[in-house]
Structure formats: structure tokens, C-alpha cells
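Got the model open in your viewer? Here is a short tour, one selection at a time.

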Amino acid sequence: MKIPSLIGHRGVARYAPENTIESIQAAADMGIKWVELDVKLTRDGVPILFHDDTLDRTTNGGGPVATRSFADLQDLEAGSWFSHGFSGIKIPSLEEAVDVLLERRLGVNFEIKPCPGREVETAQAMMDLLSRIWDDRETILISSFSCVSLDVVCDMTPDFPRGMLLDTFWPENWAALADHLTPETINVDAGAITREQVEALIEYGKPILAYTVNEPDQARRLRGWGIDGFFSDAPDLLVDALRSVLH
Ligand code: G3P
Ligand code: MG
């Protein structure tokens, strides 16, 4: 696959409520070619776009996501926490999101974001759906901080490109994990990564994506170190800084 150099984070999280259809549409309207979206599972096994383990921050509901059915969640609204202009919008299912992504011809990085203890079933439900409705392997990347979830992707759908997410603190055996999970990219925390770590990844030989970069100066510096692509809540702000490499 062609590694994207600029990826809207959670859609374009600065301009529309994260992980919603409206955030995907806003990214496409801005001319952004790829978006990253977080995927969780409802109690009744429906993959949805959602970041947190609880509903409190980004909906008018509260409590854990994992105890609610998809129908329950449709009674909530997921926009007015962001601004009144978005009040009334719903938590989308993964399937609804895919419809819009295909219609708008966007590339996508689905991040498997399992609620604790649901690493296997979240990956299974997501890949079961995607393997039926997403044909193009050049325009999709499946990532996770959870090695258990990524392992399911390897076993179930080995032809889907994977991204291995590394948090602020790397496991000592990161290279062995990468050998096992065979990711297409390694995705790192832009705020924590050091130049030495970037050099180690370059030596390892995988393209590097960095989250979450909203400042052009930071993008320029990390680009100079050898980072290949950037997740951004406001990708339009990085276009000038990355003009020479954008595709
Ligand atoms: O996939 C990159 C980035 O989204 C990982 O962190 O917490 O924003 O999902 P988070
Ligand atoms: Mg994410």
C-alpha cells in the first residue's frame, strides 16, 4: 500500500465531533484523503465508531459503552458536547461509516479500540464486517494498541494491512512483537518519541506514522527525522509544512 502522509484524526476532530459521520464528511470536504477512526463494540456485538470506554465525554449519556446495546446508544446524541451546531447527531455504526467512506473515496485507518476484556470479539466483529464490504487493500489500515486484537486480524484476515500502535512507553520486545504481527506501519506517539527511537524504527525498516500532530513546526521536525505520515485533528494546518511529500 501507499503510505498516507496526512491522516485526519478521528475524522477531523477539531472541526466536527470525533468519530462521527459528520467528521468523516468534514474531512472529505477539506480534501483530506485518509481518516483514522476508533472502533468499539456494543453489548450486542455491533461495531461502532467510538473512542472512550465510557459515554460521558462525547455523548449526553454516561457509564460504560460495553453494557449498552446499539439500539440503546441510538437514543443518545453525540454532537452537542462539541457545539450546538452538531446537536442531535448519533453514534455511527462501523457499517454506516464504511458507506460514507466508500462514497467519498477516502482511505481509512480503523483503530481497534476494545473495551477492557473485549479484545478478541471486537477485532472479530470488525474484521467479519470489513472482509465482506471493503475490497481494496490499498486504502485501508487496521491498527491497535492491543496485540491480542491485532493477532486476531493476522489470523482471520491476513491480507488486511496492519499498523502496530506504540504508546508513550514502548515494550522492550517491540521488535519481536512487530516480527510476529508483521505490520505495514508502526504508529507512534508524536509527543513522546525521541530521535533515537525514530532511528531504531528506520533501521527496523517499517514506515512510521505519528499521532497526533497539530502544529506545522512539529510536523516539519518529525518529517526531518524520517517520520512518513501524521495523524492530525486539523490536517489542513499541516498541508503547507508537508507540501513536498503529500500524496
Ligand atoms: O491511531 C492513532 C491515535 O488515534 C491513537 O491514540 O487515543 O487518539 O486513539 P487515540
Ligand atoms: Mg485512535
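Before the first stop, one term: a cavity here is a set of grid points where a 1.4 Å probe fits but cannot get out, and its lining residues are those with an atom within 4 Å of a point. Keep in mind throughout that this is a predicted model.

**Stop 1: the cavity**

Select Pro17, Glu18, Asn19, Thr20, Leu49, Phe50, His51, Thr58, Ala78, Trp81, Ile91 and Pro92; together they line the largest cavity. The space inside comes to about 70 Å³, and the structure has one cavity of 30 Å³ or more. Try colouring your selection by residue class: you should get seven nonpolar residues, four polar and one charged.

**Stop 2: the magnesium ion**

Which residues hold the protein donors of the magnesium ion (ligand 2)? Show Glu36, Asp38 and Glu111 as sticks: the donors are OE of Glu36, OD of Asp38 and OE of Glu111, at 2.0 to 2.2 Å from the ion. Along the chain, these donors follow the spacing E-x1-D-x72-E. Glu36 sits in strand β2 (residues 34-41) and Glu111 in strand β4 (residues 107-112), so this pair ties together parts that are 75 residues apart in sequence. Both Glu36 and Glu111 are buried.

**Stop 3: strand β1 and its partners**

Now pick strand β1, residues 6-9. In a regular strand, side chains alternate between the two faces of the sheet. Turn on the side chains and look along β1: Leu6 and Gly8 point one way, while Ile7 and His9 point the other way. Are these four buried or exposed? All of them are buried.

Next, bring in the strands that pair with β1. On one pairing you have strand β9 (residues 229-232), which is parallel to β1 and joined to it by three bridges. β2 also runs parallel to β1, again with three bridges. Centre on Ile7 to see both pairings from one residue: Ile7 stands opposite Phe231 in β9 and opposite Trp34 in β2.

Add helix α1 (residues 21-29) to the view, and you can trace β1, α1 and β2 as a right-handed β-α-β unit.

**Stop 4: a loop proline**

Last, jump to Pro183, in the loop between α6 (174-181) and β7 (185-189). Why does Pro183 count as buried? Because its relative accessibility is 1%, and the cut-off for buried is under 20%. To finish, draw a C-alpha to C-alpha distance from Pro183 to Ser143: the two are 8.6 Å apart in space and 40 residues apart in sequence.

Key: Residues numbered from 1 in each chain as written. Chains lettered and ligands numbered in written order. Predicted model: local features only at pLDDT ≥ 70, side-chain atom pairs only at ≥ 80, totals over all residues. Heavy atoms only, no water. 1 Å grid on protein atoms, 1.4 Å probe; cavity = no way out; pocket = protein on both sides within 12 Å on 5 of 7 lines; lining within 4 Å. Points joined across faces, edges and corners; volume = space filled by probe spheres on them. Nonpolar A, V, L, I, M, F, W, Y, C, P; charged D, E, K, R; others polar. Donors = N, O, S within 2.8 Å, 3.2 Å for Na, K, Ca; no water. Helix = DSSP H or I, 4+ residues; strand = E, 2+ residues; numbered from the N terminus. Buried < 20%, exposed > 50% of the residue type's maximum accessible area, 1.4 Å probe, protein only. Pairing = 2+ DSSP bridges. Right-handed = clockwise from strand over helix to strand, strands pointing away.
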